[in-house]
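Please work through the following exercises with the sequence and the model at hand. Each task is followed by a worked solution.

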Amino acid sequence: MAYTLSTTKTFTNINCSNITSFKPLKLPLFWPWQKVKMGPLSVSPMGFGTWAWGNQLLWGYQTSMDDQLQQAFDLALQNGINLFDTADSYGTGRLNGQSERLLGKFIKESQALRGKQNEVVIATKFAAYPWRLTSGQFVNACRASLDRLQIDQLGIGQLHWSTANYAPLQEIALWDGLVAMYDKGLVRAVGVSNYGPQQLVKIHDYLKTRGVPLSSAQVQFSLLSMGKEQLEIKSVCDELGVRLISYSPLGLGILTGKYSSTKLPTGPRSLLFRQILPGLEPLLLAVREIAEKRGKTMPQVAINWCICKGTVPIPGIKSVRHVEDNLGALGWRLTNDEQLQLEFAAQESPRSMIQNIFQTR
């Protein structure tokens, strides 16, 4: 049989079984030079949070989810994500520390990481429990996390919250603990979480006198949480050269567009959503409008806004679907006009996200 093209050239005896189908080159969601500096580390423009891993009360975790979580972790790695945030307090009851244990297991078993485990940046947070009164106890907490994670060194060791509001003497011991774990080589960098602008400057200056740079500050930062204090924290971070990590960039799921006053999540979140959702119509309409115009989802727009503000968002993941959707926040940017539209809508919305009770000034 002969196949004749319009150019009149004739091809005979073509063995189609020998023709390899063309596979278009898959471009990365971001290039290596687009990684973000976080102290001495280079991290992906977005990381993933693991608060839900082990949390039965708020997120309905069950051990039967572990295979799905591992698939989600592997998919994130395959797409260039190398920052994963956790904490030694993540996990409820007997599952305390489960998030770290799962991360350690997944890192060890990952085919994509064979011989390259050091490329993953694990940022874990150490709880300021009332019985952690000395720097040595804080160092011991770090060693326990390393054991659960099955690694020799953390990417970032973070103080989960400040005790300045209720136990100021303990605060200095915890700062000294960060210094000690850094000096001992247990962490490559140190950071804080839930610190307000004033306390952030204090710990930055204290660590500087000890020869330890403050690399990151984690705070609730999103279109639902962009008040005066959040913007001041961002300004202080920029001035000090500290990278701001945005936790809850989707407002516990409110900005996904999945929920309404008549369609609430199960568990404790429903109480919060019932109070906040009725006052968020202007913001949710703006996010939805831009998402439809851009061919994106609402979560992708909300996360991209955080990236455009110069932060590293860490949306939580529980499934492959979450990873796939969140990855769509990379590789593009909202225009300045779109950012202003979202910010105006957020200011026009009479409700906003409640702040963490441990947030300091």
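The exercises below treat two serine residues and a sheet. The model is predicted, so local features need pLDDT of at least 70 and side-chain atom pairs count only at pLDDT 80 or more, while totals for chains, interfaces and linings use all residues. Residues are numbered from 1 along each chain as its sequence is written, and side-chain values use heavy atoms, with hydrogens and water left out.

**Exercise 1.** Determine whether Ser349 is buried or exposed, and describe its surroundings.

*Solution.* Step 1: Ser349 lies in the segment after helix H12 (336-348); helices are DSSP runs (H or I) of at least four residues and strands are runs (E) of at least two, numbered from the N terminus. Step 2: Ser349 has 7% relative accessibility and is therefore buried (buried is under 20% relative accessible area, exposed over 50%, partly exposed in between; 1.4 Å probe, protein chains only). Step 3: a polar atom of the Ser349 side chain lies 2.9 Å from the backbone oxygen of Ala345. Step 4: beyond neighbours within four places in sequence, Ser349 is in contact (heavy atoms within 4.5 Å) with Gly279, Leu280, Pro282 and Leu283.

**Exercise 2.** Classify the exposure of Ser235.

*Solution.* Step 1: Ser235 belongs to helix H7 (residues 228-240). Step 2: its relative accessible area is 43%, so Ser235 is partly exposed.

**Exercise 3.** State the strand order of the open sheet and identify its edges.

*Solution.* Step 1: the order of the eight strands is E5-E6-E7-E8-E9-E10-E11-E12, with parallel pairing; two strands pair if DSSP finds at least two bridges between them. Step 2: strand E5 (48-49) and strand E12 (312-313) are the edges, each pairing on one side only.

Definitions and conventions:
A polar contact is a pair of N or O atoms within 3.5 Å; within protein, one must be able to donate a hydrogen and the other to accept it, and residues adjacent in sequence count only if both atoms are side-chain atoms.
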